[in-house]
Amino acid sequence: MAEVALITGSSRGIGLEIAKDLADKGYQVVLNSRSTIGDDVLAAFDGAAEPVAQVTGNVSDFDGAKAIIDEVIERFGRIDILINNAGITRDGLVMRMKEEDYDAVMDTNLKGTFNMCRHITKPMLKQRAGTIINMSSVVGLMGNAGQVNYAASKAGVLGLTKALARELGSRHITVNAIAPGYIETEMTDVLSDKVKKAMYDQIPLKRFGSTKEVAQTVEFLIQNKYVTGQVIEVNGGLNM
Ligand SMILES: NC(=O)c1ccc[n+]([C@@H]2O[C@H](COP(=O)([O-])OP(=O)(O)OC[C@H]3O[C@@H](n4cnc5c(N)ncnc54)[C@H](OP(=O)(O)O)[C@@H]3O)[C@@H](O)[C@H]2O)c1
């Protein structure tokens, strides 16, 4: 039976690329986002060995996160791989940042990751196996002006990842984080040319990254069972 991979925030961008990549490799892929994923997106999975599934739901809601996991387990019997990729930005300088923009980012990026990890733990402990990958960001390592909320959430994801890796290691469950740099998706499309140029200038490899390059890192972390509690940076050398 194919291993089951649940990828949150996979209606587009990095999550969708990871999903396509894993479907190509023969995994049973389960997509998730708050909105229903359209047939145009699902068509990209035509020809996959296992028909793609989708479970809509909001990871920032504690009970909603449990409902996502329960539904996947009910339909497929298990979850072998959980990729906590759902994330949002609400950028602004701290002196003008609204409380609701701070809360929204923390609720999705950090609490959402906690919620999903919290509810997957029992089933994975029973299985005595599993792979959890949390999507952080280079901003969680370096900070970035205009993103105190996002940086705090993504730095929090790193602490959560390391603590959880220590808790679950004895049951053969690996927990790692990926910290992408500037990857071309809808999330980064909205940045001004000035911000893009400033980022570009700092990247030693002199290009932005692709969603494929993040998906390749996911593949590595699924294959390698002796890497846990780590942060794999995919940022063209932006942070070193
Ligand atoms: N792009 C980059 O340069 C970059 C760099 C570093 C880190 N990252 C991280 O990588 C991840 C993916 O980024 P991306 O650029 O692919 O973003 P994106 O294109 O904006 O996609 C975000 C995905 O998350 C879903 N989502 C948002 N809130 C959610 C929630 N509460 N519950 C469930 N799903 C939710 C969105 O769908 P709905 O809106 O329908 O829910 C969408 O599928 C994020 O965690 C981001 O912080 C991105």
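This is a short tour of a predicted model, moving from its confidence to the sheet, the ligand and a few loop residues.

**Stop 1: colour by confidence**

Start by colouring the protein by pLDDT. The mean is 97, and 100% of the residues reach 70 or more. Among the elements, strand 5 (residues 130–135) has the highest mean, 99, while helix 7 has the lowest, 88.

**Stop 2: the sheet**

Now switch to a cartoon view and pick out the strands. You should find an open sheet of seven strands, paired in parallel, in the order 3-2-1-4-5-6-7. Select strand 3 (53–54) and strand 7 (231–234) to see the edges, where each strand pairs on one side only.

Next, add helix 3 (residues 62–76). This helix packs on the sheet and touches strand 1 (4–7), strand 2 (28–31) and strand 3. The direction of helix 3 makes about 155° with that of strand 1. Then show helix 9 (residues 211–223), which also packs on the sheet, touching strand 4 (81–84), strand 5, strand 6 and strand 7. The direction of helix 9 makes about 155° with that of strand 7.

**Stop 3: strand 5 and its neighbours**

Zoom in on strand 5. Is this strand enclosed or open to the outside? Six of its six residues are buried, so strand 5 is largely enclosed by the rest of the structure. Turn on the side chains: Gly130, Ile132 and Asn134 point one way, and Thr131, Ile133 and Met135 point the other way.

Keep Ile132 selected and look to each neighbouring strand. Leucine 82 stands opposite isoleucine 132, and four parallel bridges join strand 4 to strand 5. Towards strand 6 (residues 173–180), strand 5 has six bridges, again with the strands running parallel. There, the bridge partner of isoleucine 132 is valine 175.

**Stop 4: strand 2**

Move along the sheet to strand 2, whose two faces are both covered. Gln28 and Val30 lie on one side and Val29 and Leu31 on the other, and all four are buried. Four bridges join strand 1 to strand 2, and the two strands run parallel. To see one of these pairings, select valine 4 with its bridge partner, glutamine 28.

**Stop 5: around the ligand**

Select the ligand and show its surroundings. Which residues are closest? Of the 30 residues that surround the ligand, the closest are Gly9, Gly13, Arg34, Gly87 and Met187. Helix 1 (13–24), helix 4 (99–127) and helix 7 (186–189) are the elements that give two or more residues to this shell. Colour the shell by class and you will count nine nonpolar, 18 polar and three charged residues.

**Stop 6: three loop residues**

Finish in the loops. Select arginine 128, in the loop between helix 4 and strand 5. Although arginine 128 is not a glycine, it has a positive phi of about 55°. This residue is exposed, with 10 other C-beta atoms within 10 Å.

Histidine 172, in the loop between helix 6 (148–168) and strand 6, is another non-glycine with a positive phi, here about 65°. Histidine 172 is partly exposed, with 14 other C-beta atoms within 10 Å.

Last, go to aspartate 46, in the loop between helix 2 (39–42) and strand 3. Aspartate 46 is exposed, because 8 other C-beta atoms lie within 10 Å and a residue with 12 or fewer counts as exposed. Draw a C-alpha to C-alpha distance from aspartate 46 to alanine 23: the two are 23 residues apart in sequence and 9.8 Å apart in space.

Notes: Residues numbered from 1 in each chain as written. Predicted model: local features only at pLDDT ≥ 70, side-chain atom pairs only at ≥ 80, totals over all residues. Near = placed C-beta within 6 Å. Nonpolar A, V, L, I, M, F, W, Y, C, P; charged D, E, K, R; others polar. pLDDT = per-residue confidence, 0-100. Pairing = 2+ DSSP bridges. Contact = placed C-beta atoms within 7 Å. Axes fitted to C-alpha atoms, helices over the stretch in contact; angles between N-to-C directions. Buried ≥ 20, exposed ≤ 12 C-beta atoms within 10 Å, placed from the backbone.
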